[in-house]
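Trainee: I should like to go through the terms applied to this structure and to hear the reasoning behind each of them. May we take them in turn?

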Amino acid sequence: MTLIQLNYFLSAVENGTFSRAAESLNVSQPTLSEQILKLEEALGTSLFIRTNRRLVLTEAGHRLQPFALACITASRQGHEAVQSVRTLDGGVASFGTFGTAHHYFLTELIADFRREHPNVRLRIVGYNSAEVAQSVSQGDLEAGLVMIPVKERNLTVSEPVWSARVGYISADPSRLKGPKTINDLASAPLILTEARWRTADPIRRLLTQRAQKAGAVLDPIIEVEHQQTGFELATMGLGDVIATRPIIHQLGFQEVLGWVPIEPPMFEVFAFVHRHDTPISPATRAVMSKMREHLGRVQALYADISDSTTY
């Protein structure tokens with residue numbers, strides 16, 4: 001039993017004769033008659049009583065009709081569902097990005113995307129980069145924007161799409177004199193964020209590697225999960241944080257906190273990731289394209305600020 005045979009069967013029911021059914025389907029009558037005969041042979045019974053004037057359904061034909069209709073309808077709906085995703089007329093884009101993306105561009109990105117693709121649903125989550133990479137690796141998300149490198153072996157990593165230099169941030173001007181080395185950080189009153197991820201967080205991992213090479217130990221006085229919390233504590237003079245300079249402005253702390261670079265230079269570098277064995281849907285590709293635009297604007301916004309100047 002095939003979909004073609006069921007389609008021919010339903011057309012014969014609707015049109016009443018094989019000749020009119022064949023004409024409506026733009027096939028020859030012998031072709032249609034042959035396929036219906038094969039369907040009857042597969043089922044082991046006749047579906048029509050063939051009269052000189054009009055086809056009449058047998059009891060078997062009556063019983064088959066609703067199931068044939070359901071099969072053809074499901075087939076058509078399945079095709080339409082796939083085509084809607086392929087042409088951005090529907091479907092869901094699932095994407096993960098870093099947790100502070102909403103401070104930079106996320107709201108505007110979503111608004112732009114919805115204006116251009118109103119029939120596509122969005123699922124965008126903001127996690128630590130390690131968590132995003134893990135979710136993409138496990139198939140929970142189609143793609144993500146993460147800080148590189150990543151440890152998952154089954155991910156394809158794009159070229160870098162955004163970077164920002166990492167520095168030392170404090171409310172105390174006396175602690176903002178000159179660049180900071182790893183030894184300086186080892187003796188500083190550090191507030192480290194991403195407490196849950198620790199060594200899985202790319203910046204924490206890089207800092208730990210530098211400390212080990214220098215024979216130093218980073219021993220934060222406070223560990224918190226969220227970057228916002230770390231900055232708020234720093235404005236109260238309870239410790240200093242490590243982060244990129246743009247986030248100071250995005251969070252609104254530029255009047256209270258200053259920034260100096262870490263030496264040797266350290267950067268947060270972000271790239272897109274997706275599973276190498278799974279193609280990305282057009283909807284998620286459209287999200288990535290829109291994200292490139294917004295990331296470019298953020299990068300340009302801070303491009304004219306010297307890395308050696310404190311706030």
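Mentor: The discussion that follows concerns a predicted model, and it takes up helix packing, strand pairing, burial and backbone geometry.

Trainee: Why are helices α6 and α12 called oblique to each other?

Mentor: The axes of α6 (residues 106-116) and α12 (residues 282-301) cross at roughly 135°. Angles of 65 to 115 degrees count as roughly perpendicular and those over 145 as roughly antiparallel, and the value for this pair falls in neither class, so α6 and α12 are oblique. Their axes come within 10 Å, and the crossing is right-handed.

Trainee: Which residues make that contact, and what is its make-up by class?

Mentor: From α6 the contact draws on E108, L109, D112, F113 and E116; from α12 it draws on A283, A286, V287, K290, M291, H294 and R297. By class, there are six nonpolar, one polar and five charged residues.

Trainee: What makes α2 roughly perpendicular to α3?

Mentor: Helix α2 (residues 18-25) packs against helix α3 (residues 29-43) at an angle of about 110°. The range for roughly perpendicular is 65 to 115 degrees, and the angle lies inside that range, therefore the description applies. The two axes are 8 Å apart.

Trainee: Which residues meet there, and how many of them are charged?

Mentor: F18, S19, A21, A22 and L25 in α2 meet Q29, L32, S33 and I36 in α3. The contact has six nonpolar and three polar residues, and no charged ones.

Trainee: Where is N26, and why is it called exposed?

Mentor: N26 is in the loop between α2 and α3. Its relative accessible area is 71%; exposed means over 50%, so N26 qualifies. N26 also has a positive phi of about 60° although it is not a glycine. E194, likewise not a glycine, has a positive phi of about 60°, and E194 is found in the loop between β8 (191-192) and α9 (202-214).

Trainee: Is T58 buried or exposed, and how do you know?

Mentor: The relative accessible area of T58 is 15%. Buried means under 20%, so T58 is buried. T58 is found in the loop between β2 (55-57) and α4 (59-86). Leaving aside residues up to four places away in sequence, T58 touches S46, L47, F48 and I49. From T58 to G178 there are 120 residues in sequence and 93 Å in space, C-alpha to C-alpha.

Trainee: Why is strand β3 described as largely enclosed by the rest of the structure?

Mentor: Six of the seven residues of β3 (residues 92-98) are buried, so the description holds.

Trainee: How do you know that β3 pairs with β4 and with β5?

Mentor: Pairing requires at least two bridges. Seven bridges join β3 to β4 (residues 121-127), and these strands run parallel; A93 stands opposite L122 in β4. Between β3 and β5 (residues 143-147) there are two bridges, again in the parallel sense, and G96 has G144 as its bridge partner in β5. Both pairs therefore satisfy the criterion.

Trainee: Which peptide bonds are cis, and where do their prolines lie?

Mentor: The bond from I148 to P149 is cis, with omega near 10°, and P149 lies in the loop between β5 and β6 (155-157). The bond from E263 to P264 is also cis, with omega near -10°; P264 is placed in the loop between β11 (258-261) and β12 (267-275).

Terms used:
Residues numbered from 1 in each chain as written. Predicted model: local features only at pLDDT ≥ 70, side-chain atom pairs only at ≥ 80, totals over all residues. Heavy atoms only, no water. Axes fitted to C-alpha atoms, helices over the stretch in contact; angles between N-to-C directions. Helix = DSSP H or I, 4+ residues; strand = E, 2+ residues; numbered from the N terminus. Parallel < 35°, antiparallel > 145°, perpendicular 65-115°, else oblique. Left-handed = near helix turned anticlockwise from the far one by under 90°. Contact = heavy atoms within 4.5 Å. Nonpolar A, V, L, I, M, F, W, Y, C, P; charged D, E, K, R; others polar. Buried < 20%, exposed > 50% of the residue type's maximum accessible area, 1.4 Å probe, protein only.
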